[in-house]
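Please look first at how the chains meet, and then at how helices pack within one of them. The text below takes these two topics in turn.

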There are 2 protein chains.
Amino acid sequence: MINKEHIASRFKELQQSIINHLEGLDAKSKFEKDTWKRNGGGGGITAVIQDGKVFEKGGVNFSEVFGETPDQILKALKLEKSEFYATGVSIVIHPENPHVPIIHMNIRYFEMSNGIYWFGGGIDLTPIYIITDHPKYFHESMKGVCDQHNQDFYPKFKKWADDYFFIKHRNETRGIGGIFFDRLTEQENLTKENIFDFVYAVGSSFIPTYKPIVEWNKEKVITEEDKNWQLLRRGRYVEFNLVYDKGTKFGLDTNGRVESILMSLPKFASWQYDVKPKEGSEAAKTLSLLKKGIDWININ
Amino acid sequence: MINKEHIASRFKELQQSIINHLEGLDAKSKFEKDTWKRNGGGGGITAVIQDGKVFEKGGVNFSEVFGETPDQILKALKLEKSEFYATGVSIVIHPENPHVPIIHMNIRYFEMSNGIYWFGGGIDLTPIYIITDHPKYFHESMKGVCDQHNQDFYPKFKKWADDYFFIKHRNETRGIGGIFFDRLTEQENLTKENIFDFVYAVGSSFIPTYKPIVEWNKEKVITEEDKNWQLLRRGRYVEFNLVYDKGTKFGLDTNGRVESILMSLPKFASWQYDVKPKEGSEAAKTLSLLKKGIDWININ
């Protein structure tokens, strides 16, 4: 039987392994690691890379927190006073080169003293320029991970990502989506072990999926226009994270460690009034593809 | 008797007058004006200055909107279906030089078909570096405007600004505050005319208050360190506006014109991991003064 100690220890190993691979890819900067304690129980290890050759800013965070359940969760679950436990790995990477997409990954496990538990997670990609090849490759990779565990997962979790990573006030998706799932708990034909295996596989797919995308793009020559477009798209990323992202909202509302939560924000971002990319440009094409429901695997 | 047409027309005049003065101060860039219509009734004039000599980015917006009251307002006021009318002027200015503070001003009037009405507004200042002289000057100016109308206003609205312009997750005020008030309606010794006169005086004090601060600071020599600190403080400004600001939230929730609402965001902002200014630096001093309840007028 899988227990929380086992889950947390595998998550922590995964954090370290991802850090090692990203440092290898960057070949200049190292992650700075901060171990922090939470008032009320538990803590985490925040690892941040800054000013690298490939990665301008990124975080690979592990946390394991427990104690009295925050009122917000009790209210949401309509529960009385109880204890909670939560552990997870969260990653956001903002590359230097505008041709390398921003990536986000999160896997998490939550349980309550009354026996309720669930897993959640996902990976989504935010290209500054959408080149149709990469979304196809990325979604094939996500589908591969899902299909090995359950044939229903990819279509369901792909749609969930489209709906979740959506900037409503802009009527734009954050990027090309990926997979997203929450409150996954045991059910017919799905044991806790099955779910953990799937969640761990999602986490383990991060490097094999992202590394080739980074390598294909990291040396590309860029213009000032590319850089400016990247800054504007990062502005949208900030809008999503501060206005809609539930993890961010929950963290800020419950006095989480701000520097760990907001490691997701880019080193530089920009807002300019009413920017409309030139017709026919790569930027205009990208904008036109920031839509829900695109079947990236079968797109021409 | 003062009516909505009169209020809107005075607000619109004020917008144009402020635009003229700011263009004079900048002496390079002009405001770009967009007239927009709202689905459901009304519209506005968004005026944005970009890449000026003094002002990197700023907006001076007028709006006059009406129609069926959005569900969010009806719910908040516990009212049945009814018509609303709202008009206001909103300003946010992000100067180029880190020694020139960011400023925000808003005046607004709201009424419902059932006769309920109120005014709201305020001005607050966000210096990148807090030099004790300027907050004193700024608050004396705000107190001057308030005292001419009602002796209770300044202490009450100064505290309201401290509480409102507060970045809870950072435990920092956004800047040195100013005045903020909302739902101001007629009461003993305060007619609708009295309130309008006060609100209009707040709006009219914008240029006389801000212009000297701009002129004292706009030519100051700056370092790379100053620029970086400015980008970080602008990051905080973005955090406040996207996480806490009620006007922004309401605008985004009710399908307001996004480019007009988010004109408040700076051209460039930055987030860096766990920055701690050097002890004894101007930045460290500034951080130590981002607190509620400082009596800026009597500070040494």
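What follows describes a predicted model, beginning with the interface of chain A and chain B and ending with helix packing in chain B.

The interface brings 31 residues of chain A into contact with 31 residues of chain B. The size of an interface is often given as the accessible area lost when the parts come together. By that reckoning chain A and chain B bury about 2,900 Å² between them, with 56% of this area on carbon and sulfur atoms. Within chain A, the residues that lose the most area to chain B are A:Glu259, A:Trp271 and A:Tyr273, which together account for 29% of what that side buries.

Polar and charged groups also take part in the interface. Four salt bridges are counted between chain A and chain B, and a salt bridge joins the side chains of B:Arg170 and A:Glu259, with an N to O distance of 3.0 Å; A:Glu259 is thus also one of the three residues of chain A that lose the most area to chain B. Across the interface, 19 residue pairs are in polar contact, counting pairs with both residues at pLDDT 80 or more.

Which elements of chain A give two or more residues to the side that touches chain B? They are strand E1 (32-37), strand E2 (42-50), helix H7 (224-243), helix H8 (246-253), helix H9 (258-261) and strand E10 (268-270) of chain A. The largest share, five residues, comes from H7(A). By class, the side of chain A that touches chain B consists of 14 nonpolar, five polar and twelve charged residues.

Turning to chain B, helix H5 (residues 192-204) and helix H6 (residues 206-217) have axes that come within 5 Å and cross at roughly 25°. Because angles under 35 degrees count as roughly parallel, H5(B) is described as roughly parallel to H6(B). In this contact B:Val202, B:Gly203 and B:Ser204 of H5(B) meet B:Phe206, B:Ile207 and B:Pro208 of H6(B), and the residues divide into four nonpolar, two polar and no charged.

H6(B) also packs with helix H1 (residues 4-26) of chain B, at an angle of about 10° and with the axes 11 Å apart; H1(B) and H6(B) are therefore roughly parallel to each other. H1(B) contributes B:Ile18, B:His21, B:Leu22 and B:Leu25 to the contact, while H6(B) contributes B:Phe206, B:Ile207, B:Lys211, B:Val214 and B:Glu215. The contact of H1(B) with H6(B) comprises six nonpolar, one polar and two charged residues. B:Phe206 and B:Ile207 of H6(B) take part in the contact with H5(B) and also in that with H1(B).

Technical notes. Residues are numbered from 1 along each chain as its sequence is written. Chains are lettered from A and ligands numbered from 1 in the order in which they are written. This is a predicted model: local features need pLDDT of at least 70, side-chain atom pairs count only at pLDDT 80 or more; totals for chains, interfaces and linings use all residues. Side-chain values use heavy atoms; hydrogens and water are left out. Axes are lines fitted to C-alpha atoms, for helices over the stretch in contact, and angles run from 0 to 180 degrees between N-to-C directions. Helices (H or I, at least four residues) and strands (E, at least two) are DSSP runs, numbered from the N terminus. Angles under 35 degrees count as roughly parallel, over 145 as roughly antiparallel, 65 to 115 as roughly perpendicular and the rest as oblique. Contact means heavy atoms within 4.5 Å. Ala, Val, Leu, Ile, Met, Phe, Trp, Tyr, Cys and Pro count as nonpolar, Asp, Glu, Lys and Arg as charged, and the others, Gly among them, as polar. Buried area is the accessible area (1.4 Å probe) that two parts lose on being put together, summed over both. A polar contact is a pair of N or O atoms within 3.5 Å; within protein, one must be able to donate a hydrogen and the other to accept it, and residues adjacent in sequence count only if both atoms are side-chain atoms.
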